[in-house]
Every structure is written in C-alpha cells, then in structure tokens.
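Hi,

Here is the structure I said I would pass on. Have a look at it first, and then read my notes below.

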Amino acid sequence: MLLSIKRRKFKSRVTRVAKSYGKDLSVNGYSYVTKNTILGDNVNFNGMAMQGSASITIGDNFHSGIQCMIITDTHNYEGNAIPYDETVISKEVVIEDNVWLGNRVIVLPGVTIGEGAIIQAGSVVVKDIPKYAIAGGHPAKVFKYRDIDHYEKLKKEGKFH
C-alpha cells in the first residue's frame, strides 16, 4: 500500500511538470523532470533526475534503471572567467523509441540516443549513440549491436514491455 502511494506521488510530480506525456507513464522511484520534457507512451522511470533549460524528448517504451540523470545545460569554460563564466550553454537531449538505460546512467547535453539502444549501467553518454547499439563505459562507447532482424520482428508484433 505504501509503495503504491509513493508511486502515485512520484507520477504526480512528473505529470505536473512535464510539457507533455503519453499514456501508461510509470514512475516507480523518486523522479523529476523539467518543464521542457516531452515523454512518449509507456515511459518507465525507476529514479530519473533531469536538469537544464533545453528540451528533453523521450520516445515510446523507454525504461530507466535507478538513479539516472539527463543534463541539458553546461557552463562556458572558454568565457571571461575561470573555471567558467556566467554563460549557460543549453543543448537538447533526444532519446528515441525503445531505449533502455541501466542503473546510474548519465546523459550529457546535446546527445541523441537512437531507437532500440541499450546503455550499460554506470555509463556516461557524451556523444550520440546509433540505433540498435549497446554501449557502455566512461565515456560510453558502442561495443555491440542488437540482432536487428529479431528486434524488427518483435516491434512488428507489438511486443513491448
């Protein structure tokens, strides 16, 4: 009972703040989004923190592990002060359909994660990840790809979790 109350509270916080969200949103752990966050259908957060002023778009059938973070703003370290000046540099983040982030993944400004990608737990994503890729590390690098034929078959059959 207590867990269900917490989940409703977590979900309420996300739906109040997000720019838009689709059907079947599930928020199973403390999560917060920005006012520039757009969420697709069947998005599942198990603990997500988003910060920054640029847009964050997450497609359908997204799943996150616990303690994941998406950041859209960074400081200007080449400006008129050290270590950085007052300028904030904002870059959007796009996560396409059917992406899975493992526990404690950090996605940095300006990144696009392609459809069907999987990001290994503990990774820091600093550049774009292509469709169907499995990536991990600091910085995250592609080390494998999904079986695309199998992926497309499941997609065509509508087998989403």
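Before the first finding, a quick word on terms: a pocket is an open set of grid points where a 1.4 Å probe fits, with protein on both sides within 12 Å along at least five of seven lines. Keep in mind that this is a predicted model.

With that in hand, the largest pocket holds about 310 Å³ of space. It has 13 lining residues, and the ones closest to its centre are Asn98, Arg146, Lys159, Phe160 and His161. Sorted by class, the lining is made up of five nonpolar, five polar and three charged residues. Helix H2 gives the most to this lining, with four residues.

So let's stay with H2 for a moment. The helix covers residues 148–156, and at its start a side-chain oxygen of aspartate 147 comes within 3.2 Å of the backbone nitrogen of aspartate 149. After H2 comes glycine 158, which has a positive phi, near 70°.

Now for the sheet. As a bit of background, strands of a sheet pair through backbone hydrogen bonds, either parallel or antiparallel. Here you'll find an open sheet of four strands, in the order S2-S5-S10-S13, and the pairing is parallel. Strand S2 (37–39) and strand S13 (112–113) are the edge strands, so each one pairs on one side only.

In the same sheet, S5 (residues 56–58) and S10 (residues 93–95) run parallel and are joined by three bridges. If you want a spot to zoom in on, try isoleucine 56, which stands opposite valine 93 in S10.

Cheers

Note on methods:
Residues are numbered from 1 along each chain as its sequence is written. This is a predicted model: local features need pLDDT of at least 70, side-chain atom pairs count only at pLDDT 80 or more; totals for chains, interfaces and linings use all residues. Side-chain values use heavy atoms; hydrogens and water are left out. A polar contact is a pair of N or O atoms within 3.5 Å; within protein, one must be able to donate a hydrogen and the other to accept it, and residues adjacent in sequence count only if both atoms are side-chain atoms. Helices (H or I, at least four residues) and strands (E, at least two) are DSSP runs, numbered from the N terminus. Two strands pair if DSSP finds at least two bridges between them. On a 1 Å grid over the protein atoms alone, a cavity is a set of points where a 1.4 Å probe fits but cannot get out, and a pocket is an open set with protein on both sides within 12 Å along at least five of seven lines; lining residues have an atom within 4 Å of a point. Grid points are joined across faces, edges and corners, and a volume is the space filled by probe spheres set on the points. Ala, Val, Leu, Ile, Met, Phe, Trp, Tyr, Cys and Pro count as nonpolar, Asp, Glu, Lys and Arg as charged, and the others, Gly among them, as polar.
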